[in-house]
Amino acid sequence: MEELRRSTVRDLELYYNPKVKAIRMDTSVNVVGPNPAVKKVLEECMDMEVNQYPSPYSDDLRKALAERYNLEADNFVVGNGSDELLDVSFKSFLESGDVVVAPHPSYVLHSFFVKINGGCFETVDLLPGFQLDVDGMLEKKSKMIILCTPNNPTSNCFKRADVKRLIEEYDRPIIVDEAYTEYTSEEYLSYVNEFDNLIVTRTFSKAYGLAGMRIGYLAANKKLATMMQKVKIPYSLNKISEAVAIAALQNTEYLEKGQKIVKEQREKLSNGLRELGFEVFPSDGNFIMFRVKVPSDEFVSRLAAKGILIRDFGKRRMLENCVRTTIGTEELNELLLSKIKEVNEEW
Ligand SMILES: *Cc1c(COP(=O)(O)O)cnc(C)c1O
């Protein structure tokens, strides 16, 4: 059967799925803990009519998003994590063999969604400082462009002028993945009506602390959004997740708490890591990438043995011996630094 597989999926591997029992600082989720919106909604959900289907396009959540961002419900497509919206975007445009261009290094799942939709994934290396090579990206013949800012795993925002130039000069769909936008002042969502090609994706998995509920959305001008709405699998977001997302949008206290921790701890943790002798890269997100002086896979497994899991990127080109950690609470960061110190001393 192997030879019958679609050619673009033949080199795929199973996704990152660590089996160690440890404090998870490897997935950049919210360290405040579960969003209280879940508890509130679950209590109210006891009598929910789950024998009925949810709204096929999550109309209530799209309305809530429209109010929150001063757009219209039809500017939004809502789905099962922003990963579904990335998938829907590629499903909507790619023919077999079409090229999607992305910067390297960036989010691993972007290439996955391109390949499972029959596309070819091509990258253009980031310039020093992990900034976009706009000319390099425009020069490639492609059907779509995708990038995320702040970039994962490097954690920096791309220069505004560069992202704007790409959106303006590229005459095909361009996806800006804003999974970590809530930790920065940078955003492109409010510009979706000004461009015919701009697709912005966002998630409730990070700053809203709801990764386990799988809720995400995209925003685009109404014509573009409606085109993609027709491609999305109806009912893909369940009723409970939709209600939780609406409650989470209404209660900003949790969101702000997480933003405050990141703001306060980003500099502190960066300095702490620098003092331990690592090359630490500037962060605009809720995670920090740094380079260790020893093989990073071994570094990560020794740290995991001490009870803290961070993520290894050391095998990726341009990220030799780089690792990424979530920015934790003050206590968590102190624990992380002390365990790293132990690893250093025992090397
Ligand atoms: C975490 C992350 C997502 C989130 O995906 P969900 O499916 O919404 O959980 C999307 N893009 C990037 C770059 C991420 O890091």
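This text goes through a predicted model, starting at the ligand and moving on to the backbone and two polar side chains.

The ligand is surrounded by 13 residues. Ser 82, Tyr 180, Thr 203, Ser 205 and Lys 206 are the closest of these. Sorted by character, the shell around the ligand holds four nonpolar residues, five polar ones and four charged ones. The ligand occupies the second largest pocket of the protein.

Three contacts to oxygen atoms of the ligand can be followed in the model. In one, the protein side is backbone: an N or O atom of the main chain of Asp 83 lies 3.0 Å from a ligand oxygen. In another, an N or O atom in the side chain of Asn 152 is 2.8 Å from an oxygen atom of the ligand. In the third, a polar atom in the side chain of Arg 214 lies 2.7 Å from a ligand oxygen. The ligand taken alone exposes 390 Å², and the protein buries 94% of that area.

Asn 152 also leads to the backbone geometry, since a cis peptide bond joins Asn 152 to Pro 153, with omega at about 10°. Pro 153 belongs to the loop between strand 5 and helix 6. Pro 150 has its place in that loop too, after strand 5 (144-148) and before helix 6 (160-169). The peptide bond between Thr 149 and Pro 150 is cis as well, with omega at about 0°. These bonds are worth noting because most peptide bonds are trans.

Phi angles give a second set of backbone features. Most residues other than glycine have a negative phi. Tyr 235 has a positive value, near 70°. Tyr 235 lies in the loop between helix 7 (222-229) and helix 8 (239-250). Is the residue buried, exposed or partly exposed? With a relative accessible area of 36%, Tyr 235 is partly exposed, because that class covers what falls between the limits of 20% and 50%.

Met 318 is another residue with positive phi, near 75°. Its loop runs between strand 12 (311-312) and strand 13 (322-326). Met 318 has 23% relative accessibility and therefore counts as partly exposed.

The loop of Met 318 also holds Lys 315, again between strand 12 and strand 13. Lys 315 has 66% relative accessibility, so it counts as exposed. The side chain of Lys 315 makes a polar contact of 3.2 Å with the side chain of Asp 297. Tyr 217 is 98 residues away from Lys 315 along the chain, and the C-alpha atoms of the two are separated by 31 Å.

Asn 197 is the last residue on this route. Its position is in the loop between strand 6 (174-177) and strand 7 (198-203). Why does Asn 197 count as buried? Its relative accessibility is 5%, and buried means under 20%. The side chain of Asn 197 has two backbone oxygens as partners: that of Tyr 170 at 2.9 Å, and that of Ile 167, which lies 3.1 Å from a polar side-chain atom of Asn 197. Ile 167 falls within the range of helix 6 (160-169), the helix that follows the loop with Pro 150.

Key:
Residues numbered from 1 in each chain as written. Predicted model: local features only at pLDDT ≥ 70, side-chain atom pairs only at ≥ 80, totals over all residues. Heavy atoms only, no water. Near = heavy atom within 4 Å. Polar contact = N/O pair within 3.5 Å; in protein donor to acceptor, adjacent residues only side chain to side chain. Areas by Shrake-Rupley, 256 points an atom, 1.4 Å probe, with all protein chains shown as cover. 1 Å grid on protein atoms, 1.4 Å probe; cavity = no way out; pocket = protein on both sides within 12 Å on 5 of 7 lines; lining within 4 Å. Sits in = over half its atoms within 2 Å of the grid points. Nonpolar A, V, L, I, M, F, W, Y, C, P; charged D, E, K, R; others polar. Helix = DSSP H or I, 4+ residues; strand = E, 2+ residues; numbered from the N terminus. Buried < 20%, exposed > 50% of the residue type's maximum accessible area, 1.4 Å probe, protein only.
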